[in-house]
Amino acid sequence: LLDLLTIARSRKHIQKYYGIEETGRFPERLKPINLRTDVDQAGEFRSIRDINNEIRRLTLAAYAPLRYVLPKKQAAYDEKYSQKVRGGTGIFRQVDREESLVHLLRVNALKRMESSVVSFTLTLQRQLADVEATLARIDARDEDIEEIDIEDVDADDPAFESLLVGRKVKVLLKDVDLVRWKQDLVEDRNRLATLHAAAKQVDATRDAKLAALREVIETKCRSPINSGNHKVLVFTAFADTAQYLYHELSSWARKKLGLHSALITGAGHNQTTLPNLRKDFASIITSFAPRAKERPEDLAGEGELDLLIATDCISEGQNLQDCDTVINYDIHWNPVRIIQRFGRIDRIGSPNDRIQLVNFWPNME
């Protein structure tokens, strides 16, 4: 829908009101290639639909301590943590904010599963660690603590550290229904541990989506859509996935296809297989698109990149039209990002006759 309405309308607007006589034409956009792959080549990992159902069963109790505050203590916590709605008379309760966070965490876990099994594994690992830490704090509580009210507690005072649990919002352990909270935490721990153990088994040798990406890149290089153009731009929403792809593809691409690769995540962990190329943002971008970036002749010795793996830190404002193929390894939360990503190569005056968009979609079957 976005492709038909937004991009097409923008093209027509430019052609009608600005003309292309002096700037050059737009390249032909080939029909997008849409791929739906399994997670595990061995067929042992559950479907994404089943994984989503498991994620929805998580209570994520470690991130919602106010949910377990005893009824007689709730008014005190509402008074301490709730905020007046700006410009109105209502109250925005912290417990509602926590529930919103829990929903976001569930969605984020699913999106990371859609991105890569490695990204999903890391998320499960972090959430499991948070559950274990909360359970440890509960088990280590002192039953003989002095009676104290939450109104008198300074959450930043180290003296109260042993009495409190939670992150930004702190609760006194004595004010919480510990039996119910611990029950939900243990259930989360068991469910997360099961998912984590299964996800860890799907390494790069069993990763069906990674295998499909290799096939797409190899097919493109063996049969380029524009003569001699082997450049491929791979986008992912998550830095963990980008680092995983670079680790698994860079050596393979160099040995099998003769391509040099680079990684840009925006977090200062850029990588490249070109030995003489600096790892800063500008150097990598320029080596990937030397024509569009008008690289000086005296820098040609740095070499040229053909495979660029990146997060959305380069999805806006970059002219990368030396490349003719964009691969969305995952679909961003915001669909406008897909337009922005493709816009790096779908530009007026492109040296390519044709450009290609490849989308990886989750297989929900």
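Let's start with helix H7 and its buried residues. They are Ala208, Lys209, Leu210, Ala212, Leu213, Val216, Ile217, Lys220 and Cys221. Note that two lysines, Lys209 and Lys220, are on that list. The helix covers residues 208-222, which makes 15 residues. From first C-alpha to last it reaches 21 Å, close to the 21 Å expected at 1.5 Å a residue.

A word of caution before I go on. This is a predicted model. The mean pLDDT of the chain is 84, and 82% of its residues reach 70 or more. Two stretches need care. Over residues 84-92 the pLDDT is below 50. That stretch has 11 contacts in the model beyond near neighbours in sequence. Over residues 142-166 the pLDDT also stays under 50. There the model has 42 contacts beyond four places in sequence.

Back to the start of H7. What does Asp207 do there? One of its side-chain oxygens reaches to within 3.1 Å of the backbone nitrogen of Lys209. Lys209 has another partner. It lies over the face of Tyr329, at 4.2 Å from the ring centre.

So much for H7; now Tyr329. This residue is in the loop between strand E11 (325-328) and helix H10 (336-342). Tyr329 is buried, with a relative accessible area of 0%.

That ring brings us to the aromatic pairs. How many are there in the whole structure? A search finds 2. Take Tyr68 and Trp181. Their ring centres are 5.7 Å apart and their planes are at 20°, so this pair is stacked. The pair links distant parts of the chain, 113 residues apart. Tyr68 is in the loop between helix H2 (48-57) and helix H3 (74-81), while Trp181 is in helix H6 (residues 178-200). Buried or exposed? Tyr68 is buried, at 0% relative accessible area. Trp181 is buried too, at 1%.

Next, Tyr329 and Phe360. Here the centres are 5.4 Å apart and the planes are at 55°, so the pair is tilted. Again, distant parts of the chain are linked: Phe360 is in strand E12 (residues 354-362), 31 residues from Tyr329. Phe360 counts as buried, at 1% relative accessibility.

One more ring. The charged end of Arg112 sits over the ring of Phe238, 5.0 Å from its centre.

Tyr329 has a further neighbour to show you: Thr241. Thr241 is in helix H8 (residues 239-257). It is buried, with a relative accessible area of 0%. What does Thr241 touch, beyond residues up to four places away in sequence? Ser115, Ser116, Ser119, Thr236 and Tyr329. With Ser119 there is a polar contact, side chain to side chain, at 3.4 Å.

Ser119 takes us to helix H5 (residues 117-139). At 1.5 Å a residue, its 23 residues should span 33 Å. The end C-alpha atoms are 33 Å apart, which agrees. Ser119 is buried in H5. Other buried residues of that helix include Val117, Phe120, Leu124, Leu128, Val131, Leu135 and Ile138. Polar side chains are on the list as well, among them Thr121, Thr123, Gln127 and Thr134.

Now the loop between H10 and E12. Asn352 is found there, and so is Asp353. How do these two differ in exposure? Asn352 is buried, with a relative accessible area of 4%. Asp353 is partly exposed, at 40%.

Asn352 first. A polar atom of its side chain lies 3.3 Å from the backbone oxygen of Cys323. Leaving aside neighbours within four places in sequence, Asn352 is in contact with Arg25, Pro27, Asn226, Asn229, Gln321, Asp322, Cys323 and Asp324.

Then Asp353. On the same terms, it is in contact with Arg25, Pro27, Glu28 and Asn226. How far is Asp353 from Phe26? They are 327 residues apart in sequence, yet 8.4 Å apart in space, C-alpha to C-alpha.

Last, the whole chain. It has 10 helices and 12 strands. Of its 365 residues, 49% are buried. What about long-range contacts? Take contacts between residues at least 6 apart in sequence: 76% of them join residues at least 24 apart.

Technical notes: Residues numbered from 1 in each chain as written. Predicted model: local features only at pLDDT ≥ 70, side-chain atom pairs only at ≥ 80, totals over all residues. Heavy atoms only, no water. Phe/Tyr/Trp six-rings, centres within 6.5 Å; stacked < 30°, edge-to-face > 60°. Helix = DSSP H or I, 4+ residues; strand = E, 2+ residues; numbered from the N terminus. Buried < 20%, exposed > 50% of the residue type's maximum accessible area, 1.4 Å probe, protein only. Lys NZ or Arg CZ within 6 Å of the ring centre and 35° of its normal. Expected span 1.5 Å × (residues − 1). Polar contact = N/O pair within 3.5 Å; in protein donor to acceptor, adjacent residues only side chain to side chain. Contact = heavy atoms within 4.5 Å. pLDDT = per-residue confidence, 0-100.
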